[in-house]
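Reader: I am new to this structure and would like to go through its fold and its interior. Please show it to me.

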Amino acid sequence: MLNETLLKALNEQMNYEFYAAHSYMAMAAYCSHESLDGFANFFLVQAEEERFHGMKIYNFINTMGERAIITGFETPNNDFSSVLDAYEKALKQEKEVTKRFYKLSDLALDAREHATINFLKWFIEEQVEEEDLFDSIIQKLKRIDDDSNAFFMMDNEFAKRSFSPESE
Ligand code: FEO
């Protein structure tokens, strides 16, 4: 059993993770349209990760004997001026996710809901990694600036990225 406020917040976060997946799909579509298949692959893998995060919460809600409620969400941003712009928007989104997990953890702490507190620790750690990943890519993209060789090397590198739930 979870208290109503906490259950509502967990459901909201689950749906936000699915929204984040959708938002990364929009970034992937932009990169595909620019014929940057490696960067597109990066964002498609990121979308899979977000779906995995959403399902992790879905499964937790069920395990706690509650019901996951699936909602719709707003249309994600589809306007990007460059790959760097897409990564900057991705980092902004990840920071929003972190903020939401902090709030969720505060709610769980207030309710002394120890199973949820424990469950959320994984996401807090994951957010540190996610923000670091996007921040370092942004720094690299800024450093290579208009060096097209370095940019296409990065695109090639990202073509190799794949999603593995075990590494999550
Ligand atoms: Fe599920 Fe990238 O946060």
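Reader: In what order do the elements of the chain run from the N terminus on?

Author: This is a predicted model. The chain holds five helices and zero strands. Read from the N terminus on, the order of its elements is therefore α-α-α-α-α.

Reader: Why does the chain count as compact as a globular protein of 168 residues?

Author: For 168 residues, the globule rule gives 15 Å. The radius of gyration of the chain is close to that value, so the chain is as compact as a globular protein of that length, at 17 Å.

Reader: What percentage of the residues of the chain is buried?

Author: A residue counts as buried when its relative accessible area is under 20%. Of the 168 residues, the share that meets this is 47%.

Reader: Which helix gives the largest share of the largest nonpolar core?

Author: This core has 28 residues, and those touching the most other members are C31, F39, F43, V83, Y87, F134 and L141. Each of the five helices, from helix 1 (4-33) to helix 5 (148-158), supplies at least two residues. The largest share, seven residues, is that of helix 1.

Reader: How many residues are in the second, separate core?

Author: Among its members are A9, M14, Y16 and F119. Its residues number 22.

Reader: Which residues is F39 in contact with, leaving aside neighbours within four places in sequence?

Author: Contact here means heavy atoms within 4.5 Å. F39 is one of the core residues that touch the most other members. Its contacts beyond those neighbours are C31, V83, Y87, L141, F151, M154, D155 and F158.

Note on methods
Residues numbered from 1 in each chain as written. Predicted model: local features only at pLDDT ≥ 70, side-chain atom pairs only at ≥ 80, totals over all residues. Heavy atoms only, no water. Helix = DSSP H or I, 4+ residues; strand = E, 2+ residues; numbered from the N terminus. Rg over C-alpha atoms; globule rule 2.2 N^0.38 Å. Buried < 20%, exposed > 50% of the residue type's maximum accessible area, 1.4 Å probe, protein only. Core = buried A, V, L, I, M, F, W, Y, C linked by side-chain atoms within 4.5 Å.
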